[in-house]
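Q: I have a structure open and would like to go through some of its residues. Could we work through it together?

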Amino acid sequence: MLRDAVKDLNGKNNQKFSYTFTILGASGNLAKKKIYPTLWALYRDELLPKNINIIGYARSNLTVADIKSGCCSYISKTDHESEKIGLFFRMNRYIQGLYDSSKDFRNLNDVISSLEKTPSANRIYYLALPPGLYTGVTSIIKEEGMSSKGWTRIIIEKPFGRDSESCHALSMHLFSLFKEDQIYRIDHYLGKEMVQNLMALRFANRIFSPACNRESIAAVRILFKEPFGIEGRGGYFDNYGIIRDVMQNHLLQILSLVAMDKPVSTCAEDIRDEKVKVLRCVEEVELGNVVLGQYVGNPELDGEAKNGYLDDPTVPNDSLTATYALAACFINNEKWQGVPFILSCGKALDERKAEVRIQFRDVCRDIFNGKCKRNELVIRVQPCEAILVRLMNKIPGITFDIEEMELDLRYKSKYKDLVLPDAYERLLLDVFCGSQVNFVRNDELDEAWRIFTPVLRKIEEEKIKPLSYMFGSTGPSQADELIERLGFKF
């Protein structure tokens, strides 16, 4: 499929088409850790268009050699030994300039124009920048950087605002400059293999599709855990917190895919229409259904784990920002009425894991002396992608005793020789192809912020202090208590 998409990109005569991919913020961590390594991987696997130029733009005084050096630790060692990586970076250029200077962007435009030797020339701008720069930079791109003989597309990283008002203001600004099909709001979780597989599991399997409703499902838990802290990123994280950083976007997008009705087709707009429909039915999150936590140091562990969130020099000493959050969402429609969708996410926890756990209702009239446990469908997003089904099974022998068993489809076992593409690889290729199926539409954003803005305001206005939990733990114990109150059984 990917290679077919590349054939379409290059067309019957690829000499007629060219592409320029410009990374604004080329000196930053996102560019170094994700964008350049992703472009390299696509180039290595011959998935980029043949006529492509890559340009880095930032305020720093850098060279392409500096960028290559900075990316080295995020590119596999075997790739370092390849001559091809040298060819890749020779395709790159770097331009130093300010983000609020029309003159510098005219210079960037002149460089891009000089490289556009084909009749059709398309441009992509990746805004790997702090959100505060989006408005000014996009205005200058509209004035000085649009392609005169092809399309221009803009990739914007989250967060898309801090609340409903700021998101709406950003959207209105972007709509004054570009059409919706030119704007690519990237949420890299939508590019992950198992998130994409949710559609196939739900709508290509008769055994699951009819069971996805309030008659069969007791609770849905969507969790995201990281075993490390903020790692010196307090300047960004303390301004946004874990709800804005993970829950309002990544986890809510997964919720919409789990709960939406079957789309008319797999076309982008049909899928996004159904996601918006179900998000419109999600009630605003109530403060009573939220648990907040902030990690403290663990003296029994080494390194970063010895320090708590407030020990980080980039964090204010009196910060009330949550590094852990659990929130229950409820969907007010006939299909899901009363079923809790329990979203939880946190840093400095006991493991790295992201998964969806769909728990079925108890068996009616248990004839096995109360030994029946709930069935569960588990979709593990990371690490070690897997689909697990937990069910009851008779223990072999002459008795009628039963036990819980797990049907286990682990991708590493089933697809031993298959290398799954990184989420960013899939998403960047989608931008070249003009597919927005894995990107967030404006009305999705509106609904996501509607759900979370009121509770975020209450948290900040009432200065609610997060509960302490130790680095390397599972989070605040009060979160487990709320999960059980909501009807989820561990």
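**A walk through the model**

A: Let us begin with Thr-323, which is found in the loop between strand S8 (290-296) and strand S9 (324-330). Please keep in mind that this is a predicted model.

Q: Is Thr-323 buried or exposed?

A: Thr-323 is buried, since its relative accessible area is 0%, and the cut-off for buried is under 20%.

Q: And what does the side chain of Thr-323 pair with?

A: A polar atom of that side chain lies 3.1 Å from the backbone nitrogen of Tyr-295.

Q: Which residues is Thr-323 in contact with, leaving aside its neighbours in sequence?

A: Beyond four places in sequence, the contacts of Thr-323 include Gly-293, Gln-294 and Tyr-295. Also among them are Phe-237, Ile-242, Tyr-309 and Tyr-469, together with Cys-345, Gly-346 and Lys-347.

Q: Let us move to Ala-348. Where does it lie?

A: Ala-348 lies in the loop between strand S10 (340-346) and strand S11 (353-360). Ala-348 counts as buried because its relative accessibility is 0%.

Q: What is the phi of Ala-348?

A: Phi is positive, at about 60°, although Ala-348 is not a glycine. Glu-46 is another non-glycine residue with a positive phi, near 60°.

Q: Where is Glu-46, and is it buried or exposed?

A: Glu-46 sits in the loop between helix H2 (29-44) and strand S2 (52-58). With a relative accessible area of 57%, Glu-46 is exposed, as the threshold for that term is over 50%.

Q: Back to the loop between S10 and S11: what does Glu-351 touch there?

A: Glu-351 lies in that loop and touches Lys-225, Glu-226 and Pro-227, not counting residues up to four places away in sequence. With Lys-225 there is a polar contact between the two side chains, at 3.1 Å. Glu-351 counts as partly exposed, at 28% relative accessibility.

Q: How far apart are Glu-351 and Ile-398?

A: They are 47 residues apart in sequence, and their C-alpha atoms are 40 Å apart in space.

Q: Now Glu-376. Which element holds it, and is it buried or exposed?

A: Glu-376 belongs to strand S12 (residues 376-382). Glu-376 counts as buried because its relative accessibility is 6%.

Q: Which side chains make polar contacts with the side chain of Glu-376?

A: One is the side chain of Arg-357, at 2.7 Å. Another is the side chain of Gln-359, also listed at 2.7 Å.

Q: What else is in contact with Glu-376?

A: Leaving aside neighbours within four places in sequence, the contacts also take in Ile-358 and Phe-360, then Leu-388, Val-389 and Arg-390, and finally Phe-488 and Lys-489.

Q: Where are the cis peptide bonds that I should look at?

A: A cis bond joins Gln-382 and Pro-383, with omega about -20°. Pro-383 is in the loop between S12 and strand S13 (386-394). The peptide bond from Lys-158 to Pro-159 is also cis, with omega near 5°. Pro-159 is found in the loop between strand S5 (152-157) and helix H8 (164-177).

Q: What about His-188: where is it, and which residues is it in contact with?

A: His-188 is in the loop between strand S6 (183-186) and helix H9 (193-203). Apart from neighbours within four places in sequence, His-188 is in contact with His-250, Ala-423, Tyr-424 and Leu-427. At 23% relative accessibility, His-188 counts as partly exposed. Its C-alpha atom is 8.6 Å from that of Asn-438, which is 250 residues away along the chain.

Q: To change scale, how many helices and strands are in the protein?

A: The protein has 15 helices and 16 strands. Its radius of gyration is 24 Å, close to the 23 Å that the globule rule gives for 490 residues, so the protein is as compact as a globular protein of that length. The C-alpha trace spans about 80 × 55 × 45 Å along its principal axes.

Q: How much of it is buried, and what is the accessible surface?

A: Buried residues make up 52% of the 490. The accessible surface comes to about 22,600 Å², and 50% of this belongs to carbon and sulfur atoms.

Q: Finally, how many positive and negative side chains are there?

A: There are 66 positive and 67 negative side chains, and the centres of the two sets lie 4 Å apart.

Conventions:
Residues are numbered from 1 along each chain as its sequence is written. This is a predicted model: local features need pLDDT of at least 70, side-chain atom pairs count only at pLDDT 80 or more; totals for chains, interfaces and linings use all residues. Side-chain values use heavy atoms; hydrogens and water are left out. Helices (H or I, at least four residues) and strands (E, at least two) are DSSP runs, numbered from the N terminus. Buried means under 20% relative accessible area, exposed over 50%, partly exposed in between (1.4 Å probe, protein chains only). A polar contact is a pair of N or O atoms within 3.5 Å; within protein, one must be able to donate a hydrogen and the other to accept it, and residues adjacent in sequence count only if both atoms are side-chain atoms. Contact means heavy atoms within 4.5 Å. The radius of gyration is taken over C-alpha atoms; the globule rule is 2.2 Å times the number of residues to the power 0.38. Accessible areas come from the Shrake-Rupley method with a 1.4 Å probe; for residues, only the protein chains shown count as cover. Lys and Arg count as positive and Asp and Glu as negative; His and the chain ends are not counted. The place of a charge is taken as NZ of Lys, CZ of Arg, CG of Asp or CD of Glu.
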